[in-house]
Amino acid sequence: MVPQELKYTKEHEWVRVENGEAVIGITDHAQSELGDITFVELPQKDTEIKKTEALSTIESVKAASEVYAPLSGKITEVNEMLNEKPEIINESPYTKGWICRIHTADISEVNTLLSATDYEIYLKENE
Amino acid sequence: MSEKKYNLKKTPLYNKHIELGAKMVPFSGWNMPVQYTSIIDEHIHTRTKAGLFDICHMGEFFLKGPHAEEELERLVTCRISDMPEGKCRYGFMLNEKGGIIDDLIVFKISSEEFKLVVNAGTIEKDKKWIMSRISSKDMFADESEKIAKLDIQGPLSDVIVDNVFKNGVTQDLKRYHFKYVDFAGVKVLLSRTGYTGELGYELFFSASFAENIWDMFIKSDEVKPIGLGARDTLRMEMGYSLYGSDIDENHSPFEANLDKFVFMEKCFIGKDALLKQSEYGFSRVLKGFVCETRRCARSHFNVVSGGNVIGEVTSGSFSPCLKKGIGLCRVEKTFAVQDTPVILTDGKIDVPAKIKDVPLLK
C-alpha cells in the first residue's frame with residue numbers, strides 16, 4: 001500500500017502538496033530497489049528546475065541513480081538532514097526522507113501525475 | 001546487469017535464500033543472493049560477529065597422481081614443492097603473456113593430490129587451459145558441481161565452528177591451513193581462509209548436505225546470512241582483487257602489485273613474460289583509493305591528476321566501516337604513491353580522492 005494522499009511518477013518519485021508547494025521524495029519501492037542509501041546530492045536552493053530534469057543524485061552501496069523533477073518550479077527548501085543521514089530515505093521515505101520543496105506557478109499541475117491507485121497498478125504491471 | 005534471469009544456475013541453497021527473502025541477482029551465470037536485509041548491516045555484522053556466505057558457485061578442481069606436483073608447479077605462480085600437507089596457498093594461473101587467467105587457492109591434500117579453488121566465472125576457461133597443458137587428462141577432475149562451499153567469517157567464527165562441529169576443532173588450525181572434520185558422517189574440509197580480512201573459515205563438503213550444514217550454522221543467534229553485496233564491500237576494504245574487475249588476462253600480477261604471490265625461483269607458464277616486464281617495466285599499477293566524502297566512484301571512472309587522465313577505477317563502492325567511497329584503480333606508477341590527491345570522474349561527477357596503499361581498512 002502506498003500513501004493515498006500523494007501523487008506519483010513512473011520514475012518512482014512522490015509529491016505531497018503542502019501550503020501550496022510541492023514536497024518531493026522517492027517511494028518506498030524506489031528506496032527498497034536501491035538498498036542502503038549512502039549519499040544524496042541535494043539540489044541548490046532558489047534554483048529553477050524544469051519537469052523531468054535531474055533534480056538530485058542518490059547513491060547506494062551498489063550504484064548511483066537520478067531523481068527527476070516531477071514538476072517545474074523554484075526549489076524553496078532542501079532536506080539538509082540527508083547530508084548527515086542519507087539513510088533516512090530508507091527508514092522513512094514518505095515523511096522524514098523528503099528531498100526538497102518546489103514552488104510551482106500552478107500547483108494544480110500535480111493533477112497530471114499518477115494517483116496512488118494508478119501508481120500501485122503501475123508497480124504490479126512492472127513486477 | 002546484462003545477464004539474463006533465465007538459464008541461471010542455482011546453488012543447492014537457492015531455496016534457503018528465497019525463504020530468507022534474499023534479493024537475488026545474476027552473478028557469473030548464477031542466481032545469487034546480493035543481500036538479505038541490508039549490505040551495510042551484513043557488512044558490519046561480519047566485522048563484529050560472524051557471517052555465513054553461500055559460495056557454492058565457485059569451482060573445485062583436483063589434480064592427482066605422481067606427476068601432479070611438478071605439473072601444478074608449472075601451472076601456477078606460487079611455490080608448490082615446499083608446501084606441507086594441510087597447507088593452502090594463494091596464486092595465479094598465467095597465460096604465456098603473463099596475463100592472469102585466474103587467481104586461485106591451492107590446497108595440498110597429500111604428496112599426490114592437490115585441490116584448486118577457482119572463480120565461478122572462469123571454471124570452463126580454467127578447465128580447458130589446464131587440460132591442454134597437463135600430460136594426462138586422467139590426473140584432472142572437476143568436482144565443482146558435487147562440492148558445496150560455505151564461508152563463515154568474522155571474529156566469532158572460531159567459536160561458532162567449534163560449537164557446530166566439536167569443541168577445539170579450530171584451536172590448532174593456523175591461517176592458510178586446513179584439516180578434515182567428520183561431522184555426523186559427513187567429511188568436511190575446514191580451511192582457515194577467506195575473502196573478508198576477518199578471522200574466518202571456508203568449508204567444503206558434499207553438495208547433498210548443503211542445506212543441513214547451512215541450517216546448523218544459521219540457527220546460531222550470532223550468525224547472519226551475508227550476500228554478495230557485502231562480500232564485495234568487505235573484500236574492497238581489504239584491497240583484495242576481484243577477478244574480472246581488478247585483475248584479468250591483459251594484466252600481470254606485477255601490474256596488480258601482487259608480486260608476493262609469484263615465486264620467481266621456479267619455472268612456470270608466463271614467467272618469461274614477467275621477466276621481460278621486470279626488465280622493461282610497465283606503466284600502470286593497481287592501488288587503493290579513498291574518497292574525501294561519502295560519494296563513491298565506480299568502475300571505469302577515470303583517475304585524473306592536473307587535468308590529465310592517469311588511470312582508471314577498477315572497483316568502487318561505499319565503505320561501511322570508513323563511511324567514505326573506496327575502491328581500487330589502475331594508475332600510472334609515478335602517481336601510485338600513498339596520499340596522492342586525484343579526481344575520480346565519469347565526466348559528470350567529480351569525486352576527490354587520495355591514492356592509498358591496501359588494506360584500506362587497517
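1. Let me start with helix α7 of chain B, residues 228-238: 11 of its 11 residues are buried, so the helix is largely enclosed by the rest of the structure. Bear in mind that this is a predicted model. The buried set has plenty of charged side chains in it, including B:R231, B:D232, B:R235 and B:E237. Alongside those sit B:L228, B:L234, B:M236 and B:M238, among others. If you want to check the end of the helix, look at B:G239, which follows α7(B) and has a positive phi, near 75 degrees.

2. Staying in chain B for a moment, have a look at B:P26. This proline lies in strand β1, residues 23-27. Is B:P26 buried or exposed? Its relative accessibility is 8%, under the 20% cut-off, so B:P26 counts as buried. Set against B:T233, B:P26 is 207 residues away in sequence, and the two C-alpha atoms are 18 Å apart in space. B:T233 is itself one of the buried residues of α7(B).

3. Now chain A. How many helices and strands does it have? The count is 4 helices and 9 strands. Reading from the N terminus, the order is β-β-β-α-β-β-β-β-β-α-α-β-α. So you meet three strands, then a helix, then a run of five strands, and the chain's last element is a helix.

4. On overall dimensions, chain A behaves as you'd hope for a globule. A compact globule of 127 residues would have a radius of gyration near 14 Å, and the 13 Å of chain A agrees with that. The C-alpha trace spans about 35 × 35 × 20 Å along its principal axes. Of the 127 residues in chain A, 53% are buried. As for the contacts with a separation of 6 or more, 62% come from residues 24 or more positions apart.

5. A word on the surface and charges of chain A. Its accessible surface is about 6400 Å², and carbon and sulfur atoms hold 47% of that. The side chains include 12 positive and 25 negative ones, yet the centres of the two sets are 3 Å apart.

6. Last, the interface. Chain A and chain B each put 17 residues into the contact. Between them they bury about 1300 Å², with 46% of this area coming from carbon and sulfur atoms. Which residues of chain A lose the most area to chain B? They are A:D36, A:V61 and A:K62, and together they make up 41% of what the chain A side buries.

Terms used:
Residues numbered from 1 in each chain as written. Chains lettered and ligands numbered in written order. Predicted model: local features only at pLDDT ≥ 70, side-chain atom pairs only at ≥ 80, totals over all residues. Heavy atoms only, no water. Buried < 20%, exposed > 50% of the residue type's maximum accessible area, 1.4 Å probe, protein only. Helix = DSSP H or I, 4+ residues; strand = E, 2+ residues; numbered from the N terminus. Rg over C-alpha atoms; globule rule 2.2 N^0.38 Å. Contact = heavy atoms within 4.5 Å. Areas by Shrake-Rupley, 256 points an atom, 1.4 Å probe, with all protein chains shown as cover. Lys, Arg positive; Asp, Glu negative; His and termini not counted. Charge placed at Lys NZ, Arg CZ, Asp CG, Glu CD. Buried area = accessible area lost by both parts, 1.4 Å probe.
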